[in-house]
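Ready for a walk through a protein model? Keep the sequence and the 3D view open side by side, and look up each residue as we get to it.

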Amino acid sequence: MKGIFEAEDAIVGIACGLLLLGYTGKFFTLKLPNFVYVLVFIIFIIFILLDIVNEFSDLARHFFFVGGAILHNIVDLVISLTFISFFSGWNIPYITTYLVPYLQNPSIIPGLGMFLVIANVVWLFIFPFAG
């Protein structure tokens with residue numbers, strides 16, 4: 001139940017991470033309107049949910065790989081919801097109250113951007129060896 005290929009969520013995650021790095025100007029500058037960030041993270045959530053469904057339908061793989069993939073998707077989902085709330089101002093229960101205030105720290109946004117890039121690149125490299 002994936003789109004074009006198995007690891008497309010990792011590609012979108014890398015793009016989201018790079019957009020966050022551009023937003024903060026940590027390595028390069030790329031300021032876009034807030035609705036673009038909201039839209040990109042909504043698209044990322046769609047791919048995350050498709051990947052979670054795909055992981056449950058493919059339980060023949062190694063248990064730790066599937067568990068790690070689901071855990072990684074949950075972390076990506078929470079990060080995505082946090083940034084959707086941050087950029088849109090929408091009140092998402094628990095996320096807006098407990099996580100969005102952390103984004104006021106200037107090192108958190110680039111750190112999360114680097115996490116998205118690095119973690120998804122790692123999944124791209126280990127994915128071919130998981131089957």
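We'll start with the helices, go on to the core and the aromatic rings, and finish with a loop and a serine.

One thing before we set off: what you're looking at is a predicted model.

Let's begin with helix α1, which covers residues 8-24. How far apart should its ends be? At 1.5 Å a residue, the 17 residues of α1 should span 24 Å, and the end C-alpha atoms are 25 Å apart, which agrees. This helix is mostly covered, since 13 of its 17 residues are buried. Not every residue is hidden away, though: Ile-11 is found in α1, and Ile-11 is partly exposed, with a relative accessible area of 41%. Try finding Leu-124 from there. Ile-11 and Leu-124 sit 113 residues apart in sequence, yet their C-alpha atoms are 8.2 Å apart in space. After α1 comes Gly-25, which has a positive phi, near 75 degrees.

Next up is helix α2, residues 34-57. With 24 residues, α2 reaches 35 Å from its first C-alpha to its last, close to the 34 Å expected at 1.5 Å a residue. Its buried residues include Tyr-37, Val-40, Phe-41, Phe-44 and Ile-48. Look at how those numbers are spaced. An α-helix has 3.6 residues a turn, so residues three or four places apart point the same way. And what covers the buried residues of α2? The cover includes α1, α3 and α5.

Helix α3 runs over residues 63-88. Those 26 residues reach 37 Å from first C-alpha to last, close to the 38 Å expected at 1.5 Å a residue. Just after α3, Gly-89 takes a positive phi of about 80 degrees.

Now for the inside. The largest nonpolar core has 22 residues, and among those with the most contacts inside it are Cys-16, Phe-41, Phe-44, Phe-83 and Leu-116. Which elements give two or more residues to this core? They are α1, α2, α3 and α5, the last being residues 108-126. The biggest giver is α2, with 8 residues. To see the core from one spot, click on Cys-16: leaving aside its neighbours within four places in sequence, Cys-16 is in contact with Val-40, Phe-41, Phe-44 and Leu-116.

On to the rings. A search of the whole structure finds 8 aromatic pairs. One of them is Tyr-23 with Tyr-37, an edge-to-face pair at 5.3 Å centre to centre, with 75 degrees between the planes. Tyr-23 lies in α1 and Tyr-37 in α2, so the pair ties together parts that are 14 residues apart in sequence. Are these two buried or exposed? Tyr-23 is buried, and so is Tyr-37.

Stay with Tyr-23 for a moment. Lys-31 lies over the face of the Tyr-23 ring, at 4.5 Å from the ring centre. Not counting neighbours within four places in sequence, the contacts of Tyr-23 include Leu-30, Lys-31, Phe-86 and Ile-109. Tyr-23 also belongs to an aromatic cluster, which it forms with Tyr-37, Phe-41, Phe-83, Phe-86 and Phe-87. You've met Phe-41 and Phe-83 already, as well-connected members of the core.

Here's another kind of pair. The rings of Tyr-94 and Tyr-98 have their centres 6.2 Å apart and their planes at 15 degrees, so the pair is stacked. Tyr-94 is exposed, and so is Tyr-98. For Tyr-94, the relative accessible area is 62%. Where is Tyr-94? Its place is in the loop between α3 and α4, with α4 being residues 95-99. Check its backbone too. Most residues other than glycine have a negative phi. Tyr-94 has a positive phi of about 70 degrees although it is not a glycine.

Our last stop is Ser-85, back in helix α3. Ser-85 is buried, with a relative accessible area of 4%. What does its side chain reach? The side chain of Ser-85 reaches the backbone oxygen of Trp-90 at 2.8 Å, and it makes a polar contact with the side chain of Thr-96 at 2.6 Å. Beyond residues up to four places away in sequence, Ser-85 touches Trp-90, Ile-92, Ile-95, Thr-96 and Val-100.

Definitions and conventions:
Residues are numbered from 1 along each chain as its sequence is written. Side-chain values use heavy atoms; hydrogens and water are left out. Rings of Phe, Tyr and Trp (its six-membered ring) pair if their centres lie within 6.5 Å; planes under 30 degrees apart count as stacked, over 60 as edge-to-face and the rest as tilted. Helices (H or I, at least four residues) and strands (E, at least two) are DSSP runs, numbered from the N terminus. Buried means under 20% relative accessible area, exposed over 50%, partly exposed in between (1.4 Å probe, protein chains only). A charge sits over a ring if NZ of Lys or CZ of Arg is within 6 Å of the ring centre and within 35 degrees of the ring normal. A nonpolar core is a set of buried Ala, Val, Leu, Ile, Met, Phe, Trp, Tyr and Cys residues joined through side-chain atoms within 4.5 Å. Contact means heavy atoms within 4.5 Å. The expected span of a helix is 1.5 Å times one less than its number of residues. A polar contact is a pair of N or O atoms within 3.5 Å; within protein, one must be able to donate a hydrogen and the other to accept it, and residues adjacent in sequence count only if both atoms are side-chain atoms.
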